[in-house]
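I opened the model today to look up a few local features. My entries follow the structure display.

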Amino acid sequence: MKYLKNIGRAVCFLALSLHINACTNLDEKVYDELVTDNYYNNREQVLSAVLRPYTHANAWATPGQDGWWRLSEYAADQLAWPVKGRHGQDGGKWIRLHYHTWIPDDTFISGAWNLMWWGMGLCTDPIENLEKRDIAAMGITEEEKAAFIGELKLFRAFHYLKIMDLWGNVPIVTKVGEPLSPETASRQDVFNFIEKEILENMNNVPVLSRQMLGRMSRAGAYAMLVELYLNAETWTGTPRWDDCIKAADALINGEAGGQNGALVLEPNIFDAFKPQNDISKEVVFSIAYDFQRANTQPQWTGDMFYFNQRGITGGGRNGNDGCVVIPGVYSTFNEKDKRRNEWLLIGPQYRFDDPTKPVLGANDEYQDQPLVFVDNIRKNLEAINNGTDPEKLPSNMNTGEGNSGVRFNKYQLGDLAHPYYNSTDWNVYRLTWIYFAKAEALMRKNGGVATQEAVDLINASKRRAFEAEDWDAIAYTTGSLTLDELLAERGREFIFEGFRRTDLIRFGKFHTETWWDHQPTDATKALFPIPNQQRILNPNLQQNPGYN
């Protein structure tokens, strides 16, 4: 049973009580939006306001809407949403993301901006309200008040971290509506603000425990510091490898708690992605769901699931046949790698309720034919009908069919009979990621050469993906774990998790490399443009280089 079982009911009560409509008016400057000024009359209302930003984060931090996840993954070298027959044009948005040809007027960029700044407002407004109100009137203690404010400031810092990742130079706003047209701050200033907010508030919040599942705890604060310092050289020009290692050690050494006892790597590498992954010991911070008790559920099925995914999973949800693994990524996994076989779908698909029968295609060229996912994106059916060789066909963002591409299978929702069906949490930070971050920091401190400690950290994670009898031939050594190999292994371990764009930028490959249907672009593409709509509303917003 999840501690956050009442979060959905509490937040719905909050929204109904406040009659919020300003939050959905995306024609306004979203960092100015008012949430409420006549609330907080008891502890339940206070807690509802504190929890509201978490349910909103589902909209931008996970797949399913135009937010941080989509901009981070569809612009990188592992995933794409190609046109498949009559599906997937969507105004060319997915093509522009893959080609890095986006423009300041693109609605998928303004949509992400709006959602993320809206979430910022959902943190700032309760901070202001809590700071100015008497504890007796709110029905909470002084200690609770300090903890709630600290939690909200940390979660606001998380918003800022991801906003800075995408846009770099943005305003720093800590008061609702003040100033009306804030000035753009440099990325260095935003970085400093995030660091200061984390350091000043992390000791005011509880350590991670079952009660803090899905909320920003001290462990989440340390994880943010790890991410901040891991990317410090990219974001500010000054490396902070020692600080990255120190923050990672705090988590590895158990200084910040755990949601189910001490933080440890799961012996079973797949347990962190199963329907009851809230009992995982390696999750540091997640977007939590409880479909059974609070009617909250993941939104990523729209991006990740095929039109007839219910036949494959035995669940009740289908998708838009969108996200695919681009050709060539599947083959980067060793044939004996369990992650390849469990996290990716390829080949003939069979019915969950009767594995002797194929799942049939739906709403595409393969309607009522056996569904077979293939590791290519081309018009195979046309070639078969024409008697030509499919291998000679073009393969690009416009040549897909309904079954094109290897598919997502990393997170499991369970079948309809599963007691925790549709309640799988989305992991934002897990201890495995902390291991990888520390290993990279150690290597970069050592001139890009792996130390034995770095090797041990990566091997501790990777060995879970192989049988014991195969491990000796697979294990890394200080000679085989190069920085390029570390990036490749990051791709395998964290595929679908949202970090790939940031990784490619940090490794100097985001705008310089070729992958599938993508050619090298320009260094200015490391930042997205400030949406023109927002610059019209606030003339003090400065456009990022390369977009004027």
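The entries below go through an annotated span, some helix packing, and a few single residues.

**Entry 1: status and annotation.** I note at the start that this is a predicted model. I looked up the UniProt record, an unreviewed entry, and found the annotation "domain: RagB/SusD" on residues 282-547. I then took the C-alpha atoms at the two ends of residues 282-547 and found them 41 Å apart. Helix makes up 31% of this span and strand 8%.

**Entry 2: H17 and H18.** I wanted the geometry of one helix pair. Two packed helices are described by the angle between their axes and the distance between those axes. For helix H17 (residues 431-445) and helix H18 (residues 452-462), the angle is about 155 degrees and the axes are 8 Å apart. Angles over 145 degrees count as roughly antiparallel, and H17 and H18 are therefore roughly antiparallel to each other. The crossing of H17 past H18 is left-handed.

I listed the residues that make the contact. H17 contributes Thr-432, Tyr-435, Phe-436, Lys-438, Ala-439, Leu-442 and Met-443. From H18 come Glu-453, Ala-454, Leu-457, Ile-458, Ala-460 and Ser-461. Sorted by class, the contact of H17 with H18 has 9 nonpolar, 2 polar and 2 charged residues.

**Entry 3: H20.** How many of the residues of helix H20 are buried? I find 8 of the 11 residues of H20 (residues 483-493) buried, so the helix is largely enclosed by the rest of the structure. The buried residues are Leu-483, Leu-486, Leu-487, Glu-489, Arg-490, Gly-491, Arg-492 and Glu-493. I also checked what they pack against: helix H15 (338-343), strand S8 (426-430), H17, H18 and helix H21 (500-506). The H17 and H18 of the previous entry are thus again on the list.

**Entry 4: Asn-376 and Gln-543.** I looked up Asn-376 in the loop between strand S6 (372-373) and helix H16 (380-386). Its relative accessible area is 14%, and the cut-off for buried is under 20%, so Asn-376 counts as buried. Leaving out residues up to four places away in sequence, Asn-376 touches Pro-327, Ser-404 and Gly-405.

Gln-543 sits in the segment after helix H22 (532-537). Gln-543 is also buried, at 10% relative accessibility. With the same exclusion of residues up to four places away, Gln-543 touches Pro-104, Pro-529, Ile-530, Asn-532, Arg-535 and Asn-548. I compared its position with that of Ala-460: the two are 83 residues apart in sequence and 44 Å apart in space, C-alpha to C-alpha. Ala-460 is one of the H18 residues in the contact with H17.

**Entry 5: backbone checks.** I looked at the peptide bond from Glu-178 to Pro-179 and found it cis, with omega near -10 degrees. Pro-179 is placed in the loop between helix H7 (142-167) and helix H8 (187-201).

I then noted two residues with positive phi that are not glycine. Tyr-40 has phi near 65 degrees and lies in the loop between helix H1 (7-18) and helix H2 (43-61). Asn-295 has phi of about 60 degrees and is found in the loop between helix H12 (291-294) and helix H13 (301-304).

Is each of these buried or exposed? Tyr-40 is buried, with a relative accessible area of 2%, whereas Asn-295 is exposed, with 58%.

Terms used
Residues are numbered from 1 along each chain as its sequence is written. This is a predicted model: local features need pLDDT of at least 70, side-chain atom pairs count only at pLDDT 80 or more; totals for chains, interfaces and linings use all residues. Side-chain values use heavy atoms; hydrogens and water are left out. Axes are lines fitted to C-alpha atoms, for helices over the stretch in contact, and angles run from 0 to 180 degrees between N-to-C directions. Helices (H or I, at least four residues) and strands (E, at least two) are DSSP runs, numbered from the N terminus. Angles under 35 degrees count as roughly parallel, over 145 as roughly antiparallel, 65 to 115 as roughly perpendicular and the rest as oblique. A crossing is left-handed if the near helix is turned anticlockwise from the far one by less than a right angle, and right-handed if clockwise. Contact means heavy atoms within 4.5 Å. Ala, Val, Leu, Ile, Met, Phe, Trp, Tyr, Cys and Pro count as nonpolar, Asp, Glu, Lys and Arg as charged, and the others, Gly among them, as polar. UniProt positions are given in the numbering used here, feature names are shortened, and annotations may be inferred rather than shown by experiment. Buried means under 20% relative accessible area, exposed over 50%, partly exposed in between (1.4 Å probe, protein chains only).
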